[in-house]
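Here's a walk through one chain, with a look at its loops, its strands and the empty spaces inside. Have the model open and follow along.

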Amino acid sequence: MRRKFAVFSLTYTTRKSDNWHNMSGVFQRKDLLGLEPLSCDEILFLLNEAVAFREILKRPIRKVPTLRGKTVLNLFFEPSTRTQASFDLAAKRLSCDIVSISPGTSSVKKGETLLDTLKNIEAMKIDAVVVRHSSPGTPHFLARHTEASVINAGDGAHEHPTQGLLDMLTVKEILGTFKGITVLIVGDILHSRVARSDIFGFKKCGARVILSGPPTMLTEAFKELGVEIAYEPDQVIGEADVIIALRVQMERLEESFFPSFREYREIYSLTPERLKKAKKEAILMHPGPVNWGVELDLESVDVLKTVILDQVTNGVAIRMAVLYHLIGGQVSTFDSSSQEEGR
Ligand code: CP
């Protein structure tokens, strides 16, 4: 049960050879399915582009015509606040039409398969599908069956690449580099797609990554990803430049992974007392939603520089950059200064 989530090997679709979008940027892919297949150069390219897109969010009129005429489908089979809303906003900021389908109100409820759903939506002419699903590999499956770009918005415990990118952007803006920094990820690693995308992204770009969590939620198999393991965060918290708290994913716990929340809190919660053992300049992150009193206390955010809402803001910029480079068909770096509404 525990090992099945540990390491994934999935097939990725790249279109470098057939000039699918004829782009000359570093990121030339049909889909964004994970950070595992991306190079550090591709990641840095997207982060750099997101900085340009974020400027648009500061303007009085937060909209440019860049993706006018393009259409994106949001297909979320699991709940979401941040990811779904920020893809929605990212598309709208770029003048892209976006349609959302949720399983509860779609014909999936009547038994229509995921593939039939996709084929029918595709027949209405779309450019990209943003998909979140509880089954690892669902976006990869869809990507093999559509000409539209597919963006993984979270597939089970596998990957959540845009979360990994927005986490990296948030760190890069504060620390300036990934080389030589230590990233400590604490909590329910086993069920976390955020942990996997963060591991792939930070490791590729030169960071040291340490994982910490209950042994039932953190197997030795993670070492295959090039990370270190310290089962108790107190052993290593003083070495971290970045501390990422992960949510205990109650909805994925089919069995008891720790005796009680009291025991979990005793060792793993990033309480103010525990965070005082960290470097004063370390930054505290959480992908959200936070279980206050479990991963973090309300007062924890006062101990270190806490950037949870900066992560959310960066999420919109990252998703604008990803949409632009998957379906924009544009060449080279986006120039935010030359893009005005109505041009
Ligand atoms: N971080 C994140 O994926 O949040 P949501 O589940 O609200 O999208």
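## Two loop residues with positive phi

Lys 125 sits in the loop that links α3 (114-123) with β3. This is a predicted model, and in it Lys 125 has a phi of about 75°, a positive value even though the residue isn't a glycine. Is Lys 125 buried or exposed? Its relative accessibility is 65%, so Lys 125 counts as exposed.

Ser 95 also has a positive phi without being a glycine, this one near 65°. Look for Ser 95 in the loop between α2 and β2 (97-101). With a relative accessibility of 16%, Ser 95 goes down as buried, because the cut-off for buried is under 20%.

## From β3 over to β4

Follow the chain on from Lys 125's loop and you get to β3. Strand β3 covers residues 128-133 and runs parallel to β4, with 5 bridges joining the pair. To get from β3 to β4, the chain passes through helix α4 (residues 138-143), and the resulting β-α-β crossover is right-handed. If you want a spot to check the pairing, Ala 128 stands opposite Ser 149 of β4.

How many residues of strand β4 are buried? The count is 7 of the 7 in residues 149-155, so β4 is largely enclosed by the rest of the structure.

## A cis proline

Now jump to the loop between β9 (283-285) and β10 (305-306), where you'll find Pro 289. The peptide bond leading into Pro 289 from Gly 288 is cis, and its omega is near -5°. Keep both residues in view, as they come back in the next section: Gly 288 and Pro 289 are among the residues nearest the centre of the largest pocket.

## The largest pocket

The largest pocket holds about 390 Å³ of space. Its lining is made up of 20 residues, and those nearest the centre are Arg 132, Arg 193, Arg 247, Gly 288 and Pro 289. Sorted by class, the lining comes to 8 polar, 7 charged and 5 nonpolar residues. Helices α2 (82-93) and α6 (193-204) each put at least two residues into it.

Where does the largest pocket lie? Domain 1 (20-159 + 312-332) and domain 2 (161-310) both contribute lining residues, so the pocket lies between the two.

## The enclosed spaces

There are also closed-off spaces to look at: 3 cavities reach 30 Å³ or more. The second largest cavity has a volume of about 70 Å³. Its lining includes Arg 82, Thr 83 and Ser 86, along with Gln 163, Leu 166, His 286 and Pro 287. Ile 308, Gln 311, Val 312, Gly 315 and Arg 319 are in the lining too.

Which elements give two or more residues to this lining? They are α2, α5 (161-175) and α9 (308-327), and α9 supplies the largest share, with 5 residues. By class, you get 6 polar, 4 nonpolar and 2 charged residues around the second largest cavity. Domain 1 and domain 2 each give residues to the lining here, so the second largest cavity lies between them.

How values were computed:
Residues are numbered from 1 along each chain as its sequence is written. This is a predicted model: local features need pLDDT of at least 70, side-chain atom pairs count only at pLDDT 80 or more; totals for chains, interfaces and linings use all residues. Side-chain values use heavy atoms; hydrogens and water are left out. On a 1 Å grid over the protein atoms alone, a cavity is a set of points where a 1.4 Å probe fits but cannot get out, and a pocket is an open set with protein on both sides within 12 Å along at least five of seven lines; lining residues have an atom within 4 Å of a point. Grid points are joined across faces, edges and corners, and a volume is the space filled by probe spheres set on the points. Helices (H or I, at least four residues) and strands (E, at least two) are DSSP runs, numbered from the N terminus. Ala, Val, Leu, Ile, Met, Phe, Trp, Tyr, Cys and Pro count as nonpolar, Asp, Glu, Lys and Arg as charged, and the others, Gly among them, as polar. Domain bounds come from an automatic or database domain assignment. Buried means under 20% relative accessible area, exposed over 50%, partly exposed in between (1.4 Å probe, protein chains only). Two strands pair if DSSP finds at least two bridges between them. A crossover is right-handed if, with the strands pointing away from the viewer, the path from the first strand over the helix to the second runs clockwise.
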